[in-house]
Amino acid sequence: MAKGPICRATGSIWGCWSMAYCAFCVLGTPCRLPASIPAETARTAPRHSASGKRMRFMRRRGLRCPDQPHDTAPMTQKLLEVTLSRVWQQTEEIRTFELSPTEGALPSFEAGAHIDIYTDVGPRPYSLCHLHVVDGPYVVGIKREPDGRGASRWLHDTCRVGHRLQIGPPRNNFRLAPQAAHHCLMAGGIGITPVLAMAKALWQRGSSFELVCFFRGRSHAPFLEEMRTAPWNQRVRFHFDDSPAHQVHLDDLCAAQPVGTHFYACGPAGFMAAVRQATRLRPPEQVHQESFSALPAAEKSGRTTFTVELARSGKTVLVEHGESLLQALRRAGHPPITSCEMGVCGSCVTRYLSGTPVHADAFLSADERLRELAICCAGSLSERLVLDL
Ligand code: FES
């Protein structure tokens with residue numbers, strides 16, 4: 001058994017008697033639980049619950065925290081501390097997580113917003129599926145992705161009620177149009193989360209809307225009971241892949257909508273491609289999308305090497321063969337804030353001043369692309385790209 005004090009950040013017994021944090025944390029060197037610590041001690045060591053304190057401790061001293069998400073990323077957005085106050089199962093693979101403020105009230109938000117949850121493998125965006133309540137918690141629905149990058153597995157398998165987490169403030173790239181003759185909400189699978197909040201907001205506003213949910217089957221449908229018992233349940237239709245009695249054809253659905261309808265869609269790549277096809281004749285500003293993934297690789301193109309100029313600092317960075325713009329900026333010590341790193345959350349959107357970028361994100365409009373790019377997935381057609389950084 002450990003005889004000395006245990007590091008508050010990592011549970012390591014390598015701490016000296018005079019410090020609450022071990023020497024390895026203070027030096028910025030990744031420390032590990034020694035193999036001699038009994039398995040039970042290792043499991044209960046307060047590694048994650050103390051990580052927020054540890055990160056602040058390290059930042060105050062200008063040191064890099066060994067397990068800080070995206071350890072080269074600057075933490076310039078103000079993070080909020082929350083406690084996981086409730087978890088409930090929606091389907092076999094989807095759970096709802098309720099996050100309550102540790103202190104004070106959480107910021108307000110509009111339907112369609114998402115938050116970044118800082119997980120063991122970095123920040124990841126998750127949509128809020130409810131309406132803002134003063135002094136209330138945030139609620140997100142999360143699908144466990146066995147083949148994902150690890151965040152959803154960590155949240156499902158490791159996080160338990162009482163766990164403290166850090167989150168970013170709500171951001172919204174998927175807003176309801178303030179005025180529209182009619183709103184047609186379409187959700188594919190777990191894409192229901194922001195769309196559910198939108199349906200609640202439209203009902204509260206007294207707006208004309210309908211919600212169409214596309215699920216593989218009833219057993220894969222989250223929030224089913226909530227939608228069936230909602231006061232607006234007459235506005236909801238379900239498509240189940242496995243039920244011939246519940247089929248909705250996207251082309252027919254979109255074609256039947258009156259002129260002036262605004263369309264909102266969130267779901268996986270195949271579903272979003274079908275929505276784009278079904279709404280191709282509608283004005284682009286009336287079609288609002290939130291994707292889970294950026295454009296397919298085949299749609300990305302551009303130069304394999306190019307130079308990036310950072311206008312504010314006057315630095316130049318060469319994006320080398322086989323390297324992404326994001327990787328090059330990190331290598332050069334100019335890491336942007338990122339979250340999804342797939343072109344869907346908007347965390348890394350930056351203005352560019354000259355050059356011809358190749359856009360591969362899934363949310364910037366044609367107009368926005370004339371002056372902004374998503375660093376995590378953009379390339380360049382021009383030899384030189386000047387960023388407003
Ligand atoms: S990090 Fe999410 S869009 Fe770039």
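# A friendly walk through a predicted model

Reader: Is Cys254 buried or exposed?
Author: In this predicted model, Cys254 has a relative accessible area of 1%. The cut-off to compare with is under 20%. Because 1% falls under that cut-off, Cys254 counts as buried.

Reader: In which helix is Cys254 found?
Author: Look for the stretch of residues 250–255. That stretch is a helix, and Cys254 belongs to it. The helix is H7.

Reader: Which residues is Cys254 in contact with, leaving aside its neighbours within four places in sequence?
Author: Let's set those sequence neighbours aside, as you suggest. For a contact, heavy atoms must lie within 4.5 Å. The residues in contact with Cys254 are then Met186, Phe263, Ala278, Thr279 and Arg282.

Reader: What separates the C-alpha atoms of Cys254 and Arg280 in space?
Author: Along the chain, Cys254 and Arg280 are 26 residues apart. In space, the separation between their C-alpha atoms is 9.8 Å.

Reader: How far apart are the end C-alpha atoms of helix H5?
Author: Helix H5 covers residues 192–205, which makes 14 residues. The expected span is 1.5 Å times one less than the number of residues, and for H5 this comes to 20 Å. The model agrees with that expectation, because the end C-alpha atoms of H5 are apart by 20 Å.

Reader: How many of the 14 residues of H5 are buried?
Author: The buried residues of H5 include Ile192, Val195, Ala199 and Leu202. H5 is largely enclosed by the rest of the structure, because the number of its buried residues, out of 14, is eleven.

Reader: Which residue just after H5 takes a positive phi?
Author: Step just past H5 and check the backbone there. Phi is about 80 degrees at this place, and the residue is Gly206.

Reader: Which element gives the largest share of the largest nonpolar core?
Author: The largest nonpolar core has 31 residues, and Leu185, Ile192, Leu211, Met227 and Trp232 have the most contacts inside it. At least two residues each are supplied by several elements, including strand E7, strand E8, helix H6 and H5. The largest share, eight residues, comes from H5.

Reader: Between which domains does this core lie?
Author: To place the core, ask which domains give residues to it. Residues 80–167 make up one of the contributing domains and residues 182–291 the other. Because both give residues to this core, it lies between domain 2 and domain 3.

Reader: With which strand does E1 form a hairpin?
Author: Strand E1, residues 80–89, runs antiparallel to strand E6 and is joined to it by four bridges; there, Leu80 stands opposite Ile167. E1 also pairs in the antiparallel sense over seven bridges with residues 94–101, where Val82 has Pro101 as its bridge partner. Four residues sit between the two strands of the hairpin, and the partner of E1 in it is E2.

Reader: In what order do the five strands of the open sheet lie?
Author: The pairing in this sheet is mixed. Its edge strands, E13 and E16, each pair on one side only. With E13 written at the start, the order is E13-E12-E18-E14-E16.

Reader: In E13, which residue is the bridge partner of Thr307?
Author: Strand E12, residues 306–310, pairs with E13 in the antiparallel sense over five bridges. One of the residue pairs between these strands holds Thr307, and its bridge partner in E13 is Leu318.

Methods. Residues are numbered from 1 along each chain as its sequence is written. This is a predicted model: local features need pLDDT of at least 70, side-chain atom pairs count only at pLDDT 80 or more; totals for chains, interfaces and linings use all residues. Side-chain values use heavy atoms; hydrogens and water are left out. Buried means under 20% relative accessible area, exposed over 50%, partly exposed in between (1.4 Å probe, protein chains only). Two strands pair if DSSP finds at least two bridges between them. A nonpolar core is a set of buried Ala, Val, Leu, Ile, Met, Phe, Trp, Tyr and Cys residues joined through side-chain atoms within 4.5 Å. Domain bounds come from an automatic or database domain assignment.
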